[in-house]
Structure formats: structure tokens, C-alpha cells
Amino acid sequence: MNIGRQFKEGLVTNNPVLVQLLGMCSTMAITTSFFNGLGMGLSVLIILTLSNIIISAIRKIVPDKIRIAMFIVVIACFVTCVDLSLQAFVPDLSKALGVFLPLIVVNCIILGRAEAFCYKNGVLASAFDGIFQGLGYTVVLLVMSVIREFLGSGAFGGGVFNGGKGFQIFPEQFGAKILTMPVGGFLCLACLIAAMQWALTKTKNKKEESKS
Amino acid sequence: MSETKQKVDMDPKYILKLTLTLLITCVLVAGILGWVNSITEGRIKEFNREKTNSALKAVAADPANSKFLPVKLTGKMQKAAEGYGATLDSVYAVKDGGEDAGYAVKILAGGSQGKIEMVVGVDGDGAVTGVSIVNSSETSGIGSKVMSNMPLPNGTKVLDQFAGKTADDQPLKVGGNVDAISGATVSTKGVTKGVNGALAAVGAIG
């Protein structure tokens with residue numbers, strides 16, 4: 001177990017969104033404001049960590065044939081708990097996330113990590129994996145929402161800073177409206193993935209050069 | 001090799017084990033969910049009641065002195081609302097200081113992401129006094145613009161444009177006598193369905 005390496009994998013080299021390309025639907029749909037990005041990111045982080053712990057704890061007693069069904073039941077349990085708690089205690093966030101919160105059940109990040117990591121690793125390693133992969137997801141969501149919010153409507157930090165109003169950096173009518181729409185999500189995400197892949201190949205090439 | 005695998009598959013003990021494991025997990029999970037639900041249920045209901053109340057008040061002309069008395073739903077009213085693709089939830093008679101001041105109709109209509117729950121106020125003359133959203137799951141940043149009553153290009157707010165419309169204006173139609181927020185046509189259509197349904201339901205009272 002190597003926490004440093006897991007940290008780097010979750011945030012950079014094996015980032016759930018930019019490298020594993022998991023959870024794209026929510027990434028594109030939810031990143032229209034800073035508040036949404038942060039809320040969704042943290043919800044996934046919590047659910048991912050909890051379900052990682054449980055799945056890794058029960059991995060030895062779960063028969064191989066029904067493991068996917070068991071994973072889904074465990075994940076659905078946590079998602080419903082978080083959904084109900086948000087509805088009861090943070091109704092604004094629950095309203096903003098809408099249908100995407102219950103849809104975390106089928107978010108591939110969580111099932112993907114359960115299958116790829118927790119089923120083979122110990123409880124502690126899985127817990128850290130959940131935290132770091134969740135952080136990686138959250139960071140990408142925040143970057144996306146900052147870019148889309150700024151270019152699309154000239155604002156920053158809507159729903160979180162400045163008493164919930166956010167900062168208006170330039171007047172809203174000059175924003176590129178297209179970025180706040182779904183198509184803007186595709187464009188923004190594609191650019192981010194391209195940048196990420198470019199950076200990763202560059203460092204990889206450098207390493208190989210220094211080796212030879 | 002595949003033969004031995006087949007044998008394991010057919011082993012009744014193994015099948016029983018799979019079934020029992022799943023059953024026990026499901027029972028455990030159901031127990032946990034029931035417990036969480038019992039904690040949060042009251043608060044969620046409270047929030048929804050508050051939301052409905054504030055939505056009712058938002059459509060009344062004189063919120064401070066208004067009282068809302070539930071009206072018994074009839075099949076005719078429900079059918080009238082369904083005719084416009086909306087589902088009637090409840091109807092309240094608005095009493096302003098003891099005098100009749102029209103109706104407030106809580107109604108559901110399909111948006112782009114599930115049902116939009118709204119309250120439509122209709123005054124004694126059958127004109128819409130206002131539309132107020134109780135619950136919706138419209139896409140954040142797109143359909144949610146309609147839900148939060150953002151202004152149209154001509155300056156009128158999207159939900160406020162329904163005020164003053166009567167049964168004579170029916171059917172209200174996006175692109176005709178209703179303007180949609182660009183990119184959120186489906187959500188605007190959903191609200192329009194609700195307003196149409198509410199006007200029709202009020203028309204069917206009595």
C-alpha cells in the first residue's frame with residue numbers, strides 16, 4: 001500500500017474522469033455552477049469512500065457470481081441515505097442536483113472502483129482509494145464549473161461565495177452562452193481530456209528519455 | 001473443464017448460498033434504509049409543507065390575510081386537468097379576510113426531467129394571478145432558469161407572463177401566446193401544461 005502513489009493516481013495519472021473516462025454524464029450535466037460542482041463532487045466522494053470500505057470488507061464472503069449485484073445493493077443503500085439526508089438537511093443542494101444524485105447509483109466511477117480496486121485490496125487501501133478518486137472527480141468538476149461559469153456567464157463561485165451570489169467578473173450578456181448548455185459541457189470536457197493526455201504523454205516521454 | 005464448471009453451476013447448495021447471501025444483504029440494507037428514512041421523513045415532509053405554503057402565499061394577491069381551504073376534487077376537475085396533460089394534486093379556495101378570492105391549484109406536469117410540481121393562482125374572475133414552483137428536477141442551469149423565474153429577452157419574467165391569462169386565452173401554447181426561455185423550451189412547455197390544466201380545473205369547479 002502506497003498512499004502517495006494512490007493520491008497521485010486519483011488526482012492525476014489515473015483520474016476517474018480525465019483518464020478512466022468514468023462518470024461522464026454527471027460531469028457534463030452538473031457543472032454549470034460552482035455550488036453544483038462542489039455538492040456533487042462531495043456527495044460522490046462520501047458515497048465512494050463508504051461503499052469502497054464496505055465492499056472491500058465483504059469481498060471475501062461475497063460469492064464471485066453475484067458480486068456485481070451485491071455491489072449495486074451496497075452502493076444504492078449509501079446513495080439513498082445521502083439523498084434522504086440532503087433532502088432533509090440541505091434542501092437547496094438536493095434541489096440543485098435533482099435527478100443526478102439518485103443516478104450516482106449507476107455512476108460508473110463507484111462500480112468501476114469497486115470492481116477494479118476494492119475487490120482485490122484491503123479495507124484501508126480501499127478507503128484511501130475512495131477519498132483520492134473522489135477528490136479527483138471533485139477537482140475535475142470544480143475546474144469544469146469554474147471554466148463554464150466564467151466563460152458562459154462571466155461569474156465565479158455561484159451559490160458559494162459572496163453570500164451565494166458569486167462574483168460577476170464581466171457582464172453576463174457578454175458570456176458565451178453555449179458553454180452553459182450541454183454542448184458546452186462536451187466542448188469543455190474534451191479540451192480538458194486533451195490537455196490531460198498531452199501532459200501525461202509529455203511526462204511519460206521525458207521519463208523514457210532520461211532512462212535511455 | 002467447462003463440464004466441471006457446469007456442475008458447480010447446477011449445484012443446488014451453491015444456488016441456495018447465492019440466494020441466501022443476496023436475501024440477507026437486501027434485508028440488512030432495507031433495515032438501514034428504513035432507519036434513515038424514519039430520521040429524515042419528518043424533516044422532508046416539513047420542508048415540503050413549508051414549500052407548498054410559501055408557494056400558495058406567493059400566488060395570493062394578499063398573502064398576509066389569505067387563508068387556504070382545501071376543495072374536494074371531483075372527477076370532472078381531474079379530467080379537465082388531464083385534458084391538458086397535467087395531473088391535479090389539490091385545489092384550495094383562497095379566502096381573503098373571509099371573502100372569496102379565487103383558487104390556488106397545486107398541479108403536476110411533465111418537464112424535461114420528471115414532473116414539475118407547481119401552484120397556480122386563479123382569481124375570482126378566472127384570471128391567473130401567478131405561478132409558483134414547489135418542486136422540480138429540471139436540469140440545473142437550463143430548465144432551472146424557468147423554475148427560478150428568470151427574465152425573458154423582452155424583460156418579462158418567464159413565470160410572470162402567465163399572470164392575467166384566462167380560460168379565453170386557452171390553449172396557452174409555447175411559441176403562440178407563451179414565450180420560452182431559450183434552451184429551456186421543454187421546461188417552459190411543462191409549466192404551460194400546468195397552467196392550462198389549472199385553468200381548466202377551476203373552470204370545472206361547481
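**Exercise 1. Describe the build of chain A, from the order of its elements to its overall dimensions.**

Read from the N terminus, chain A follows the order α-α-α-α-α-α-α-β-β-α, which amounts to eight helices and two strands; helices (H or I, at least four residues) and strands (E, at least two) are DSSP runs, numbered from the N terminus. The model is a predicted one, in which local features need pLDDT of at least 70 and side-chain atom pairs count only at pLDDT 80 or more, while totals for chains, interfaces and linings use all residues. Residues are numbered from 1 along each chain as its sequence is written, and chains are lettered from A and ligands numbered from 1 in the order in which they are written.

Turning to dimensions, the C-alpha trace of chain A spans about 60 × 60 × 25 Å along its principal axes. Its radius of gyration of 18 Å agrees with a compact globule, because 212 residues would then give a value near 17 Å; the radius is taken over C-alpha atoms, and the globule rule is 2.2 Å times the number of residues to the power 0.38.

Of the 212 residues in chain A, 41% are buried, a residue being buried if 20 or more other C-beta atoms lie within 10 Å of its own, exposed if 12 or fewer, and partly exposed in between, with C-beta atoms placed from the backbone.

**Exercise 2. Characterise the packing of α6(A) against α7(A).**

Begin with the geometry: helix α6 (residues 108-118) and helix α7 (residues 123-153) of chain A pack at about 145°, their axes lying 11 Å apart. Axes here are lines fitted to C-alpha atoms, for helices over the stretch in contact, and angles run from 0 to 180 degrees between N-to-C directions.

Next, identify the residues: I109(A), R113(A), F117(A) and C118(A) of α6(A) meet S126(A), D129(A), G130(A), Q133(A) and Y137(A) of α7(A), contact meaning that the C-beta atoms, placed from the backbone, lie within 7 Å. Sorted by class, this contact contains four nonpolar, three polar and two charged residues; Ala, Val, Leu, Ile, Met, Phe, Trp, Tyr, Cys and Pro count as nonpolar, Asp, Glu, Lys and Arg as charged, and the others, Gly among them, as polar.

**Exercise 3. Work out the sheet of chain B and the helices that pack on it.**

Five strands of chain B form an open antiparallel sheet in the order β1-β2-β3-β4-β5, two strands being paired if DSSP finds at least two bridges between them. The edges are β1 (66-71) and β5 (128-135) of chain B, each of which pairs on one side only, and neighbouring strands are turned by 25° against each other on average, direction ignored.

Helix α2 (residues 12-59) of chain B packs on this sheet, touching β1, β2, β3 (99-110), β4 (115-122) and β5 of chain B, and its direction makes about 165° with that of β5(B). Helix α5 (residues 185-203) of chain B also packs there, touching β2, β3, β4 and β5 of chain B, with its direction at about 140° to that of β3(B).

At one edge, β1(B) pairs with β2 (residues 86-96) of chain B over six bridges, and S66(B) has D96(B) as its bridge partner.

**Exercise 4. Locate L21(A) and state what its phi angle shows.**

L21(A) lies in the loop between α1 (3-13) and α2 (24-30) of chain A. Its phi is positive, about 55°, although L21(A) is not a glycine. L21(A) counts as partly exposed because it has 14 C-beta neighbours inside 10 Å.

Technical notes: Contact = placed C-beta atoms within 7 Å.
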